[in-house]
Amino acid sequence: MPKTIKKIAVLTSGGDSPGMNAAIRSVVRACAYHNIECVGVYRGYEGLIEGDFKQMDARSVKGIINKGGTILKSARSNGFRTEEGRKKAFQNLVDAEINALVVVGGDGSFTGALIFNQEFGFPVMGIPGTIDNDIFGTSHTLGFDTALNTVVEAIDKIRDTASSHNRLFFIEVMGRDVGHIALNAGIAGGAEEILIPEEDLGLERLVESLNRSRTSGKSSSIVIVAEGDKIGKNIFELKDYVDENMEGYDVRVSVLGHMQRGGAPSCFDRVLASRMGVKAVESLLNGQTNYMVGLINGKMELTPLDNAIKGKTKINLELLRVSDIMST
Ligand code: F6P
């Protein structure tokens with residue numbers, strides 16, 4: 001029989017993403033709805049170790065559904081990687097009479113949650129929050145949709161100036177290990193070429209493709225480069241390569257950087273966060289632990305945290321083909 005849960009803690013961890021506030025709001029309100037207490041933990045696992053807790057009620061999360069970032073702040077905690085740190089965190093939770101923990105974050109944060117559960121048997125539940133969309137067990141992570149819209153808006157603006165000056169732009173987008181942002185935003189922004197870590201195009205293919213674009217009458221080009229792509233890893237070297245080896249190109253580089261992580265969450269991310277928070281709380285109340293909530297075929301489903309961490313998200317091959325056809 002699961003232990004009765006009377007108080008749940010929620011924290012946000014790792015790189016922030018738009019929709020984290022909406023998820024906090026949802027967890028807090030779902031707790032209030034089910035007449036249990038909710039505690040917010042500041043600065044992710046750092047706050048867990050330091051006992052930086054704040055009692056939250058339905059009204060304490062008013063006016064945040066539309067805000068980017070996270071009101072609870074976030075951190076990448078080194079302390080929680082140590083047994084000593086995790087022991088302190090456990091003791092703080094016990095002292096505060098907290099019975100379960102909801103972690104909003106990415107795979108690193110989930111790894112910490114899983115180790116914590118294995119060591120202390122403490123119930124944990126994950127909500128996938130990262131703009132990278134690199135977590136197995138959900139078609140969309142929180143913030144991915146908003147980040148895509150931000151990137152597409154930036155590409156549209158850069159295209160205006162690229163076409164006015166007949167220039168080639170390399171635009172770097174986030175995605176340390178995966179190319180989901182690059183591929184989707186690249187198609188939506190009409191990019192001529194998209195470089196992603198999952199598919200090693202090689203320089204030759206890029207050169208070929210740029211030349212093809214030019215001979216087909218294009219006077220300006222946009223190439224989207226995921227930060228983790230092999231040949232795009234140093235985007236300025238890519239520019240140097242084109243400058244040195246290809247004639248007649250006026251090349252510019254634009255690194256979009258952390259602006260991709262900010263801003264008001266899209267409607268999609270707000271709804272997703274609201275659904276995920278409710279599912280996380282109700283699953284814990286049903287005695288489920290060590291799961292991540294996720295969107296699978298339009299439904300809220302649970303995936304064991306272990307699978308969510310180890311499973312790899314695959315790049316959509318159809319999108320790759322569409323992108324090739326669109327750059328004709
Ligand atoms: O994991 C999300 C992410 O935004 C990655 O795409 C990016 O590589 C990384 O975080 C940047 O991390 P930091 O904020 O520590 O620079």
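## Ligand shell

In this predicted model, the shell around the ligand divides by class into 5 charged, 3 polar and 1 nonpolar residues. The residues that make up these surroundings are Arg76, Thr130, Asp132, Met174, Gly175, Arg176, Glu227, His258 and Arg261. Met174 counts as nonpolar, and Gly175 counts as polar.

## Polar contacts

Oxygen atoms of the ligand take part in contacts with side chains and with the backbone. On the side-chain side, a polar atom of Arg76 is 2.5 Å from a ligand oxygen. Arg176 also places a polar side-chain atom by an oxygen atom of the ligand, at 3.2 Å. Gly175 contributes through its backbone: one of its polar backbone atoms lies 3.4 Å from a ligand oxygen.

## Burial and pocket

The ligand on its own exposes 400 Å², and 77% of that area is buried by the protein. As for location, the largest pocket is where the ligand sits.

## Overall fold

The protein chain contains 11 helices and 11 strands. Its radius of gyration is 22 Å, while the globule rule gives 20 Å for 328 residues; the two values are close, so the chain is as compact as a globular protein of that length. The C-alpha trace of the protein chain spans about 70 × 35 × 30 Å along its principal axes.

Terms used
Residues are numbered from 1 along each chain as its sequence is written. This is a predicted model: local features need pLDDT of at least 70, side-chain atom pairs count only at pLDDT 80 or more; totals for chains, interfaces and linings use all residues. Side-chain values use heavy atoms; hydrogens and water are left out. A residue is near a molecule or strand if one of its heavy atoms lies within 4 Å of it. A polar contact is a pair of N or O atoms within 3.5 Å; within protein, one must be able to donate a hydrogen and the other to accept it, and residues adjacent in sequence count only if both atoms are side-chain atoms. Accessible areas come from the Shrake-Rupley method with a 1.4 Å probe; for residues, only the protein chains shown count as cover. On a 1 Å grid over the protein atoms alone, a cavity is a set of points where a 1.4 Å probe fits but cannot get out, and a pocket is an open set with protein on both sides within 12 Å along at least five of seven lines; lining residues have an atom within 4 Å of a point. A molecule sits in a cavity or pocket if more than half of its atoms lie within 2 Å of its grid points. Helices (H or I, at least four residues) and strands (E, at least two) are DSSP runs, numbered from the N terminus. The radius of gyration is taken over C-alpha atoms; the globule rule is 2.2 Å times the number of residues to the power 0.38.
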